[in-house]
Each structure stands twice: as structure tokens, then as C-alpha cells.
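Let's take a walk through this structure together, one stop at a time. Have the sequence and the 3D view open, and follow along as each residue comes up.

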Amino acid sequence: MNQIILAIFQALLVLLVAPLFSGIARSIRAKMHSRQGPSIFQDYYDLAKLMTRQDVRSKDSSYINRLMPPVYMGSMLLIAMGIPMLTQACPIPFLGDIVTIIYLLALPRFFFALAGIDTTAPYAGVGSIRELLVGVLIEPALLLPLFVAGLIAGSTNTGAIATALASGTVPPSLALILAGIAFAAACYVELGKLPYDMAEAEQELQEGPLQEYSGPSLAMLKTALSMKQVIMVSLFAGVFLPFGSMATASIGALLLALVVYLLKLLVLFGVCAIIENSVSRVRYRLLSKHTWTIFGIAVMSFAFFLIGL
Amino acid sequence: MSAMSLLLASLVLSAAGGTLALLTRRTGTVSKSISCIVGATAALLSSAAGIIAMVVPSQSISFAGAFPFAAFSILLDPLSGLLVTVISILAFAAWVYGISYFDDYLQFGIGSIGFFMNMFIASMLLVVIVDNAFWFLVFFEMMSLTSFFLVIVEQDEASIRGGFLYLVMAHIGFIMIMISFFIMASMAGSFDFSAFRDLHLSAPVASLCFILAFLGFGFKAGMMPFHSWLPLAHPAAPSNVSALMSGGMIKIGIFGIVKVAFDLLGASGGQVWWGIVVIAFGAVSSVLGVVYALAEHDVKRLLAYHSVENIGIILIGVGVALVGWALGLPVVAGIGLMAALYHLLNHAMFKGLLFLGAGSLLHSVHSRNMEIMGGLSKVMPVTALCFLIGALAISAIPPLNGFVSEWFTYQALFDAAMGGGVLIKVVAGAAAVALAITGALAVTCFVKAYGVTFSGVPHSEAARNAKEVPGPMRFSMILLAVLCIFLGVGAPVVAPVMQGVASSLLSGSTVAVTSGTALVNVGGTSMVDTSLMALILLATIGFSIGLRALLAKGGTKVCDRAWACGYEPDSSMTMAPSSFAASVKLFFPRLYRMRDQLTAACLRVGSFFFGAIGTARKVEPIGDKYLVDSTISLVDSIGEATRRVEGGDSRVYILYIVAALVFFLVLVALM
């Protein structure tokens, strides 16, 4: 029962803090541009305003278009229930398998890309193709580091890996550190931030598949995309930096874990924001060079694992 | 009634249906109705037989045959039960579908279509249940011949070309299987499979038999690099026959590999390297199959290439099972084989569904070219929804069936990597990466396949005038779509059955694959629960829909057209299949160059035989020509390969360094 409450709490937490972290990223961006910038709560105000706007869609679009934002958000809520965020173990163990998580991420991607084609807008379609190909190029780099970590810890369950790392039964090895680096880089590509904001690319593609959304649907989609960022960062933090996560259930430990978790997110989002604002966009066709390099790091971690380093 | 008598009744009905279809061929509609109704009844009987056979002990029966050297004996064990189930469910869907769909084929002689289709299904059933090498080969040949006639039904140039290539390839495979069986028969002194099972062959002889059978059945299964006939032959047949071929017939290739390795050579024991070879072929097939599928704009060719991909995924499972079996790791063998068999079943269902969907498109738009479709989900909502379910299932999206079997495949790879030596770890890691790439590419491919046909705006007059397909066709698609959902969400019920089939091949060693409603991997303490996942997913999506409805205050509006940055949008601006292909080619140019070379090689084999017919008249040094040609192309390709090695790209050099590192590490670890 406690686990179910924790799972629902995690899902709602991700839902509620997602706009805060995108607001913080905006604020850091403004500071780096030497601007005053908006309040860190600006994204909440934006969402509230979008909710009062009209929901417009083109007559050529179909049910896919209407269904996509809830499917996206629903998948994010589901994934948020499974991954170890506050605890070392997964709140719902059967959602916390590495293969399950990676394949669950394909569900929103499928609908996101399909909706882009469904709107019939040309830029949205180009954005769809990019979204899918980023997925193709990054998926091996997401899987292999987790596979290596799983082999080291003896389980493909993210909670079991996190527990093994946090409790010290698995000492930090070179292979594990490289796997962590590769996974962090792969997660960063998945965030869709500069220099890898391929699908939504504001200047080139006019927001890609988001282009045809407005009002409440856009608000939901924007929230869901921020949720995905929080989830990817939490996944990295939960699996590779599980220190401070709750090992045994108690209210005090939970509160401590919550504070530690939010601090970890804050630091990681801060780092992401700094990277995001100090680079320019990668040319789309050169993306594969970056992703293969990340994959190369993952292969190296696998090689080091094989010789037991 | 016992499973055996149900199955025999079904075979008799098929024979009767085929004969009646021929007798009534003058009046096409009568002939069509008779063959469809009798065929569907026969399929119902045999599917009941198959389902029973999977869960009860094996049954066998023997008839006095015409040949003293080969007894006509039938064995219905769990493995053949699974194949009988797969073939029969597809056959049932195909026959019901045919009630309406064959109306488009009346001018091609429905009597012979009905006859050959009945014979085709019966021969597939017989191949999987006969227990004698001689009869196996006879029915295997009959299966190839009857399906050949179904491929060339339309009698245009493309179908004859595809059919001929198919026939040639089927026979190359057939010869290899025959040699393998003859070696075993000469050792055993009998054609009976029961005699083969008692053989204790030395490792080299067993390996020879296995490799010959693996390659021979590989031709039938359409694995790389013997796949080129598949995208030419399957699309040419009527769509419900394509569903049977892609969903059912190529599985007989897998059946053969599994049967030879675990059943016939069971007493001789397997070798680890067999498994590694199978995994390697599987991994290459899965990645290249989907890469090539992406470049297609003919919907049936796209699906045919996806069969190559899924055969690859099944082979990865079979290979892991072989490795686990040879190393004495029962969990690895059990989960690997179970994953392979589960994926075999799943692929039959969603590929059957998608081919029927393609048939509906063909029926309504009168074309297989996706470039001219678009916007069809508005006029064909049932077809669209079924196709979407099939697309999600084949993309292994949780909680549908494709995900379940791929999850088990990953788990088997993980367990193998945990339990095996360095070499096994490397192979398992590489195969897991190949699976990951395959999964992501399949998502891409099916967003394309659904998107450009059912979403967007119509790209032609034919697409604008399309109508929803008639009831029987909708029924078949809905049936298979429901099965796809059931095999995913109902996995806690299905997985133990599949495990039972696998354990019957692994001398009865069982592995727990479920715990409560969860699917578990006892080797890695991992679990997943598709039924609860489906419930939670419905709840969270429902919550999101409710949230949007609750908080939205602005109302909705439908506008006339999408925004195209100030341009006047028209239908030519929306996404076309080639937009996808162009992007993928951007990232994987070398793989596509390889496809062209493979296809050319395959066509060369085909045209060799085609040419041989003409050469009877004019004496031309063909052998010389091909010998010289192939030598030249070999030299060319070596030159090309060395050029690529010296690519001058720093990333490539890094890759070489990593590869060399891994190689030497493996060498050190092995010594």
C-alpha cells in the first residue's frame, strides 16, 4: 500500500515540479544573457493562461491529434511511478525494468511523431521525422550503459541497481563511471535541449510537432515535455547517483530523501542549463557523429567491464 | 474429441474444400463461398487441435504408407501444436477475410486459388506434424509448390519474376535440408524422426547436420542474406495469402531450426558456437530488415522486410537458447527458447493483421503504393484502428504482445551475459544493442506506415474515394487485433504455456516465468506486469484527458488548414514515404549500398536459372561469364573494403581501437 502511495506521490511530484524546473532553466538562460529574465514561476503563469485560450485544430487532423497530449502525459505519469527517485528500490518494481522504461519511452515518441504527421503541417512532419531518428540514434546509447550497470549489479531492475550502488555492495569501478558518463550524455540528448533540440527546433522548424497545438492541449504537451526532462534527469540521478535516497521506509527519511532529490535535480538542471546556453545547435545531419561518440563511450565501459576494471 | 482426431478431421475438410473449389470453378462466387466456408471450418477445428496439443502430452499415430522405407507417422507434440495453432488462426482469419476479398480476384480463377490455398494450408499443417524425414520433405516441397502458384496468381511480370525467384530459393534451401536429413538417416538407418532422436553423433557430424539444416531452413525463414525473395514474392500474392506466408509459412523455417537443434540432435548435444552463429544471423537480419523496410513505399514490401526483421528477433532467442543449452544453463535456455516461441506466435498475429490491413488498403485504393494514400483514417476508421494496434504491437510498445516477447529476449540475453564467459558476454551485449536499434527503427517505420496512409490528407483521387471494407474483412482484422492485445495484456496466462512448449524441447527442465500476474526472469530478479501496466496506463491517460477537459476554459475550434509559415498549404507539402527514407539514408548510407549488392546477387542467382532456360538453345559460356564476373566483383569488393577501412574518419579509427582492445581482451580471457 505504501508503495502505491509513494508511486502516486512520485507521479504527482513530477507533474507539479516540471514547470518549476523549466522555469529555473529559463531564468538561468536570462542571467547568462545578462537579462533580468522572468520569475522562476513563469511557466506556471504561462500554463494557466494557455488553459483559458481556444483549442484550435485543423480540419484535416484526426483523433491522433486530440489523443496525443493525454497519451504523452499519461505515459510520463506511468514512467514516473516506476523509477527510483526518492527511494533506492522502485516504488512499483514491475515498472522499473530498464527494458520496460526504454520501451515505455517509445510510446509517447510514437504518438508525438504521428501527431506531427497527422496535423498535415509541413514543418511539423519534418519535426516528426527528426524526433524518430533522434530516438533511433540514441536508443543504443541509452540501453548499453544500463545493460552494463545491470550486469555489474546482477539485475536489470533499476531499483536493484540503485540499491547495489548505494549500499556499496558494488564498488564504483571504471566501467561503472564510464557507463554513467555515457548514460548522462544519452539522457542529455533525450532532453531535447540545445544543441540537440532537433524535433522542436524553434528557429528552423517553428516548434515541429508542437506547431499546430494551442490552448489546453499545448499546455498539456508543454507540461508533458518538461516532465520528460525531469524524468530523464531523475532516472540518471536515481540509478547512477542513488546516494541520499531512502533505503528504509520512514517519514523522516522520506523528507530527507525529498530534499536531497530536489537538490540533485537543481544541480543537474543547472548544469544542463549552462551547457544549453553555451553552445549552438548541432547540424541535424551531424547528430549521428555525436551519438556514435556517446555509444563509443558506452562500448568502452562494456569493454572495461569485461576485463573487470 | 482428442486433438489428433480434430486435426485429422480438419485435414480431410481441407482436402474436400480444395476439391469442391475445383469442381465448382465455373461459377466463381459459388466456388469462393465453398472454399472460404469449408476452409474456415477446417481452420477452426485445427486451431482447437493445436491449442489442446500445446498443453497435453504428445500423441502419435502411424499409418501403413505406400512406401515400405518410410512409415507415415504423425506426432502431435507441444511444439507442433504451437505451429498448428499459429497456422490455423491465420488460416481462419484469411478464409473469413477472403469471403469479401476474393471478389477482387474472380477474374484470376477463384477455383484454383481455393484449391491451392486449401492444399497450402494442409501441407503446412502436415509438415509440422509428420514424424518421418521422407514425408517431411514431401510435404515441405508441396508447401513450396502450392504457395508458388498462389504467388503467381496475378500472372503479371512482377509476380512471375517474384514467384520464380521464390521457387529457386526454396529449392536451394530444400537441397540443404535434404542433405542434412540424409546424413542423419544414413547414420540412423531409418527415415523415422524417432530413430534420429536416438542418434549420438560426433560433434563434427552433428555440426554439419545442424549448419546445413540451419541454412536450409534459413532460406525458408527469409533470414539475411537469403531474404531477397521475400519482398518480391510475398507482396505478389493476394493479401490474405501474404498474411499466411509471412505469418505462418516462414515460421516453418524457425520450426525446422528448433526441431533439428533441440529435438532431432537432442541426444548428440548442442555446441555453443551454433548458438553464436544463430544469434549473429539473427542480429544482422533484425537490423537490416527494418532498415530496408524503411526505404519502401510499397506497403506490402515494407511488411515483407519487417518479416525479415522479426525472424531475426526470433533467431536471437533461439540462439541464446542454444548457448544456454550447450553451456548447461537451464534458465538461459528456458527463457531464450520461450521468448523465441512467444515472438513466433506474436509475429504471426500482428504481421497477419498488418497484411490484412494492407489488403484492405489495396481493396479500397487499388494500389499498394503509399505515396498516393493519405487521410484514410476518416473513411476507413476500423481498418485504421486495427492497423494502428498492429503497428504498435510490431513496434514492441508496451503493453502489447511484441513487447512481452522482446522483453523476454532481452532477459535471456542478460542472463546469458551473466552466466557465460567473455565471448558470450560480448555476443549478448551486441545482440541487445541490435535489438534496441531495431526497436527504435521499427517505431520510425510504423509511424511512417500509419502516418502517410491513414493520417494527413489524401494524395490522390483514389484515396479520396476510398470506402471502408466489407464486414468479413473487418471481422478478420478485429479478431487478430484483439489477439494482439490479449497476447500482450494476457501474458501471465500465455507465458506459462509457451514455457511448457519450450520445456518439452529441453528435456523437461522448467523455469518459472510468472509470479502472480507478473512476468519474471528468475535469473536477474527482474519483472514486468503488462496487465497491471495496461490498467495504470488507462488510468493515467484517462486522468490526463479529464484534467484537460476540467481545466480548459477556451472551448475548441476547427480551422480550415494547418499553418505553413505563410505559404498556402497543399497536399504535396505533407509527409510522404520518401521523406522518411531520405532521412534514414542520410544516417545509414552504407547499409543501403549493401542492400543493392545483396539484391543484385540474389537476382543474379535467379537470372542464372532464367538464363539457363534460354541457353538450351544458344550455347553461351555462362559458367565462364559468371566465374569471371564473380572473380572481378570479388576483387572489386576487396578494393572497396580496404578503401573503407582507410576511411580517414577519426570516429572509425576510434572504433578500430575499441574493437582491437575488445578482441585482445577476449583472447586473453579465453586463454
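**A guided walk through the two chains**

Our starting point is a lysine and a ring: the charged end of K220(B) sits over the ring of F140(B), at 5.4 Å from the centre of that ring. Please keep in mind along the way that this is a predicted model.

Now step back and look at chain B as a whole. Its secondary structure consists of 24 helices and 6 strands. Chain B has 671 residues, and 60% of them count as buried. If you take the contacts in chain B with a separation of 6 or more, 80% of them come from residues 24 or more positions apart.

For a close look at one buried spot, find S88(B), which has its place in helix α3 of chain B, residues 78-101. S88(B) counts as buried because its relative accessibility is 1%, where the limit for buried is under 20%. Leaving aside residues up to four places away in sequence, S88(B) touches A43(B), S46(B), S47(B) and L125(B).

What about aromatic rings? Across all chains, a search of the whole structure turns up 46 aromatic pairs. A good one to inspect is formed by F21(A) and F269(A), whose rings are stacked, with 5.0 Å from centre to centre and 25 degrees between the planes. This pair links distant parts of the chain: F21(A) belongs to helix α1 of chain A (residues 2-32) and F269(A) to helix α10 of chain A (residues 251-277), and the two are 248 residues apart. Both F21(A) and F269(A) are buried. Over in chain B, one aromatic cluster is formed by F63(B), F72(B), F134(B), W135(B), F139(B), F182(B) and F191(B).

The cysteines are quickly covered. How many disulfides does a search of the whole structure find? The count is 0 over all chains. C484(B), for instance, is in no disulfide, and the nearest cysteine sulfur, which belongs to C386(B), is 9.6 Å away; a disulfide would need the two sulfur atoms within 2.5 Å. C484(B) has 0% relative accessibility and therefore counts as buried. C209(B) also counts as buried, because its relative accessibility is 0%.

Next, turn to helix α2 of chain A, residues 42-51, where D43(A), L47(A), L50(A) and M51(A) are buried. Looking down the axis of α2(A), you will find its buried residues within an arc of 105 degrees, so they line one face of the helix. What covers these buried residues of α2(A) includes α1 and α9 (215-240) of chain A, together with α20 (530-551) of chain B.

That brings us to the place where the chains meet. Here 88 residues of chain B are in contact with 86 residues of chain A. Between them, the two chains bury about 7,700 Å², with 77% of that on carbon and sulfur atoms. Which three residues supply more than any other three of the area that chain B buries against chain A? They are F414(B), R548(B) and F587(B), which supply 10% of it.

Let's finish at R548(B), which lies in helix α20 of chain B. R548(B) counts as buried because its relative accessibility is 7%. Not counting residues up to four places away in sequence, R548(B) touches D55(A), R66(A), P69(A), P70(A), P216(A), S217(A) and M220(A).

Conventions: Residues numbered from 1 in each chain as written. Chains lettered and ligands numbered in written order. Predicted model: local features only at pLDDT ≥ 70, side-chain atom pairs only at ≥ 80, totals over all residues. Heavy atoms only, no water. Buried < 20%, exposed > 50% of the residue type's maximum accessible area, 1.4 Å probe, protein only. Phe/Tyr/Trp six-rings, centres within 6.5 Å; stacked < 30°, edge-to-face > 60°. Helix = DSSP H or I, 4+ residues; strand = E, 2+ residues; numbered from the N terminus. Lys NZ or Arg CZ within 6 Å of the ring centre and 35° of its normal. Arc of directions from axis to C-beta. Contact = heavy atoms within 4.5 Å. Buried area = accessible area lost by both parts, 1.4 Å probe.
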